[in-house]
Amino acid sequence: MESGLNKRASVIAAVVALFVVAALAGWLIYSQLASGPEPDGALTYVHPPVGASQTCSSCKADQHDYRHSVPYTGECEQCHTLRSWRDVSYAHPQSDFDRALHGVVGCPRCHTEGEPSPSPACETCHVERSPHEVGALSCGSCHGVVAWILLRPLPADHLSLLGGHEGLSCFDCHKDVRKTGAADRKCVDCHGKAHGGLTDCESCHEPERQWKPVPGFNHGAFFPITGRHRGLRCVECHTGGRFVGTPSNCSGCHGVVHTGLKKCESCHTTSGFVPSTFNHSKYFRITGRHTSLACSKCHIRGVYNGTPTRCAGCHGAKHGGLTACQDCHKTSGFRPSTFVHSSVFKLQGAHAKLACTKCHPGSKYATNIGGGGTTCGNCHDGPHGSGYETCSSCHSTTAWLPTVAITHPAPIVLGAKHRARPCKLCHPTLVFSAATKPCESSGCHAATVPHVGPTNCLNCHRPTTWAEVHFTHTDLGIHEGTNLNTQCLWCHPGPDYTKYDCKTCHIDNGIPWSDPSNP
């Protein structure tokens with residue numbers, strides 16, 4: 001197929017040949033188209049010599065009496081020569097009118113005596129022949145004077161007619177209103193919008209390169225292509241050839257992941273999603289056994305947003321509700337515990353050998369079996385009744401038995417023998433507030449009671465020694481104030497305390513009856 005340039009060269013050659021023929025014909029009819037009348041005999045007239053300072057006007061009065069009408073006034077030699085009046089040599093300000101057919105058609109074809117000079121615009125004479133609509137640019141902008149079909153070189157701002165535009169005629173692009181100019185004609189006027197609505201085709205394409213992108217297209221002005229993006233084809237980001245509105249953020253193409261996180265660049269690079277560049281210590285420092293865990297161990301199902309930073313957030317409340325795991329454990333391992341038990345309760349004696357579950361059944365460390373207190377009674381139900389909850393008064397943490405040295409509560413004072421005996425001897429239930437076991441009961445003093453009558457030893461004796469008598473008669477009458485309360489044998493000489501005998505004092509000892517104060 002013949003290229004547009006070759007077609008244009010063929011047309012120019014044909015026009016030049018036509019022009020030569022037309023020029024010859026023009027000269028043949030020149031005498032018919034000359035301006036102004038020729039004086040009689042002018043064709044045979046030989047002009048005499050003219051002096052250097054002499055002008056046509058010097059002879060007008062006699063020989064040259066013809067005068068052109070306004071505005072065609074002035075010196076004759078501006079247009080005429082001495083050879084003939086019809087030999088016009090006027091040079092137009094616009095040289096186009098001195099070339100081609102314009103130069104031989106004769107002045108009267110355009111200029112009329114007495115009327116102003118016509119506009120030099122082509123459309124002044126050729127408007128009826130113009131194929132363009134009203135409003136088109138001046139003919140001289142595109143056409144030359146030799147022939148209409150010979151076009152002037154394209155303006156500097158005209159769209160290139162190379163490449164894809166090669167071979168196009170003016171009317172292929174300049175339809176409707178027949179106008180030219182970069183401001184009036186855009187690529188989209190012919191090719192329409194593309195890539196999802198883009199209109200500035202020339203930003204990426206040049207006609208000479210067909211639709212191939214212009215060399216040096218700066219994709220970075222819209223989105224820097226780095227890392228693995230360099231190996232992608234355009235359509236992998238611009239699906240369906242859609243370029244307008246293509247997102248410039250990572251999540252726009254890769255979607256929202258990690259439960260709503262959108263700033264992919266905070267953790268990833270274009271070199272690859274793995275490894276992540278995320279600084280985990282900014283939110284949660286990974287030490288010890290966490291360092292070897294897979295992300296999914298803490299971020300289940302890829303949930304990264306809102307992951308708790310406290311131990312209990314992942315491991316839950318333990319030990320009966322404790323949540324401050326770091327108080328007792330390290331990330332290097334849950335065991336051994338770093339908890340200092342003495343900060344709450346000092347473990348010594350038998351306590352130091354106990355398993356934790358003995359005091360904290362079910363590993364419930366928030367409370368112990370006593371409800372969280374640190375006194376003995378919180379864990380060890382007091383077996384001794386009301387008033388005896390302070391275990392440390394009698395016991396040590398080494399063992400319940402033997403007890404520490406005990407001072408029996410007042411008013412009972414124990415002698416050496418009773419202090420060496422077990423508490424259960426008198427307190428079989430160990431409830432000290434309850435009634436004690438009678439001294440005369442089986443196993444103690446039942447076989448050694450020397451009396452007949454009284455059965456409650458404590459009514460008369462102290463547990464220090466039998467000789468310590470504290471019995472007080474309720475009514476001694478005249479004997480009040482005497483020491484008979486401590487001298488039982490004076491009135492009760494025998495083992496039978498149900499009977500008494502006054503003679504022991506008043507007859508045998510010679511104490512007169514009238515002196516009761518003298519025992």
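H360 lies in the loop that links α10 (356-359) to α11 (376-379). This is a predicted model, so let us look at how the histidine sits within it. Is H360 buried or exposed? With a relative accessibility of 10%, H360 counts as buried, because buried means under 20% relative accessible area. Leaving aside residues up to four places away in sequence, H360 touches H341, Y365, T367 and N368.

Now to the cysteines. How many disulfides does a search of the whole structure find? The search finds 0. Two cysteines, C237 and C376, show how this looks in detail; C237 has the sulfur of C253 as its nearest cysteine sulfur, 5.1 Å away, while for C376 the nearest is that of C391, at 4.5 Å. Neither distance fits a disulfide, because that pairing needs two cysteine sulfur atoms within 2.5 Å. The table sets these cysteines out.

| Cysteine | Nearest cysteine sulfur | Relative accessibility |
|---|---|---|
| C237 | C253, 5.1 Å | 34%, partly exposed |
| C376 | C391, 4.5 Å | 32%, partly exposed |

Stepping back to the protein chain as a whole, you will find 14 helices and 0 strands. Of the 519 residues in the protein chain, 12% are buried, and H360 is one of the residues that count as buried. Among contacts between residues at least 6 apart in sequence, 44% join residues at least 24 apart. The accessible surface of the protein chain is about 37000 Å², and carbon and sulfur atoms account for 59% of that surface.

Notes
Residues are numbered from 1 along each chain as its sequence is written. This is a predicted model: local features need pLDDT of at least 70, side-chain atom pairs count only at pLDDT 80 or more; totals for chains, interfaces and linings use all residues. Side-chain values use heavy atoms; hydrogens and water are left out. Helices (H or I, at least four residues) and strands (E, at least two) are DSSP runs, numbered from the N terminus. Buried means under 20% relative accessible area, exposed over 50%, partly exposed in between (1.4 Å probe, protein chains only). Contact means heavy atoms within 4.5 Å. Accessible areas come from the Shrake-Rupley method with a 1.4 Å probe; for residues, only the protein chains shown count as cover.
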